[in-house]
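Pull the model up in your viewer and keep the sequence handy. We'll go from one residue outwards to strands, cores and charged pairs.

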Amino acid sequence: MNSMLICDQSLRQFQDDGYLMVRGLFDADEMTGLLRYSKGDSGLDADTITRMDSTGGQSRLALRNELDPGSPYAAVVRSRRMADTMQYLLDAEVYHYHHKMMLKEPRVGGAWEWHQDYGYWYMFGCLYPDMASALLAVDRATRANGCLQVLRGSHKIGRVDHGMSGEQVGADMTRVEQAMKHHELVYCEMEPGDVLFFHANLLHRSDKNESEDPRWSLICCYNTRHNDPFILGKHASYEPLERLEDEAVRQRLTTLG
């Protein structure tokens, strides 16, 4: 599998829009293995925390700062498909900041309020917004089950102040409402194996899951080496990110029992 998946045109799209969708970055067999492993992962369930949205809906996630060498989630983070693409988009050496499984269950999976990831990460001591996330669709993501929504190009606004919304930290809605007048709202519907790379200042949210279908996704968050946080203890500090070749990742995901 060719790891150099993007070209100058795609880079310009990321710079202009604040995100880049790469379809089929992981194949069906890889996603079947990862989904089967995740559904049976008792450790994932133990690490899961719940955050209420502003209407009382429950949003669940399991976040990890460490890369367990035996973990399939870590294999995805370290894969050249993810890490090399992210490094190209950010034009700087990247390292693993953290990763998280988002668990949006049928009918009860709550919304995520409008926010920027850098709205959080700024408070954790990252001086620059030279950071991004890669969302891997583990389940199919549709408007019905609460797919990610983004405001195209909103990363150019810069950091927006954040405050509490329910049990979540959300962006100042006065700013968001103004941003919505100038930036297109895009629903990022995805098939399993698709990956959305998005800038840390991109405004994004998701609706409650009103369907009978779960929406699980793995979000791999990367920071740049020069942006190593000056506040220690929340998420990982810089360590060189050892890459895994694509075939090794595929073997790891497809042999999960």
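Let's begin with Val-186, which counts as buried because its relative accessibility is 13%, under the 20% cut-off. Keep in mind that this is a predicted model. Val-186 sits in strand S10, residues 185–188. What is Val-186 in contact with, once its neighbours within four places in sequence are left aside? The partners are Tyr-19, Leu-148, Gln-149, Val-150 and Arg-152. For a sense of scale, try Tyr-37: Val-186 is 149 residues from it in sequence and 31 Å from it in space, C-alpha to C-alpha.

One of those contacts, Arg-152, is worth following. Arg-152 makes a salt bridge with Glu-184, with 2.9 Å between the closest N and O atoms. Arg-152 is in the loop between strands S7 (148–151) and S8 (162–165), while Glu-184 is in the loop between helix H7 (173–182) and S10, so the bridge ties together parts 32 residues apart in sequence. Both ends are partly exposed, Arg-152 with a relative accessible area of 27% and Glu-184 with 45%.

Now over to strand S4, residues 94–104, where 11 of the 11 residues are buried. S4 has strand S3 (residues 58–64) as an antiparallel partner, joined to it by five bridges; there, Leu-63 stands opposite Lys-100. S4 also runs antiparallel to strand S13 (residues 215–224), this time with 10 bridges. If you want a spot to zoom in on, Leu-103 has Trp-216 of S13 as its bridge partner.

On to the nonpolar interior. In soluble globular proteins, nonpolar side chains tend to be buried together. Here the largest nonpolar core has 35 residues, and those touching the most other members are Phe-26, Met-82, Leu-136, Phe-197 and Tyr-222. Helix H5 (residues 80–90) gives the largest share of this core, five residues. Apart from that core lies another one of 26 residues, including Tyr-120, Cys-147, Met-190 and Ala-200.

Select Phe-26 and you'll find, beyond four places in sequence, contacts that include Met-82, Leu-136, Pro-192, Val-249 and Leu-253. As for H5, its buried residues are Arg-81, Met-82, Ala-83, Thr-85, Met-86, Leu-89 and Leu-90. Just after H5, Asp-91 takes a positive phi of about 55°.

Nonpolar residues turn up on the surface too: Leu-127, Tyr-128, Phe-230 and Ile-231 make a patch of about 430 Å². Tyr-128 belongs to the loop between helix H6 (117–121) and strand S6 (131–137), and its relative accessible area of 40% makes it partly exposed.

Back to charges. How many salt bridges does the structure hold? The total is 17. In one of them, Arg-250 pairs with Asp-27, the closest N and O atoms lying 2.7 Å apart. This pair links distant parts of the chain, 223 residues apart: Arg-250 is in helix H8 (residues 246–254) and Asp-27 in the loop between strand S1 (19–22) and helix H2 (28–39). Arg-250 is partly exposed at 24% relative accessibility, and Asp-27 is partly exposed at 23%.

Asp-161 and Arg-159 form a salt bridge as well, at 3.6 Å from N to O. Asp-161 counts as exposed because its relative accessibility is 52%, whereas Arg-159, with 35%, is partly exposed. To finish, highlight Arg-80, Asp-84, Arg-243 and Glu-245, which are linked in a network of salt bridges.

Note on methods:
Residues are numbered from 1 along each chain as its sequence is written. This is a predicted model: local features need pLDDT of at least 70, side-chain atom pairs count only at pLDDT 80 or more; totals for chains, interfaces and linings use all residues. Side-chain values use heavy atoms; hydrogens and water are left out. Buried means under 20% relative accessible area, exposed over 50%, partly exposed in between (1.4 Å probe, protein chains only). Helices (H or I, at least four residues) and strands (E, at least two) are DSSP runs, numbered from the N terminus. Two strands pair if DSSP finds at least two bridges between them. Contact means heavy atoms within 4.5 Å. A nonpolar core is a set of buried Ala, Val, Leu, Ile, Met, Phe, Trp, Tyr and Cys residues joined through side-chain atoms within 4.5 Å. Patches are made of residues with over 30% relative accessible area and no salt bridge: like charges are joined within 9 Å, nonpolar side chains (Val, Leu, Ile, Met, Phe, Trp, Tyr) within 5 Å. Accessible areas come from the Shrake-Rupley method with a 1.4 Å probe; for residues, only the protein chains shown count as cover. A salt bridge is a side-chain nitrogen of Lys or Arg within 4 Å of a carboxyl oxygen of Asp or Glu.
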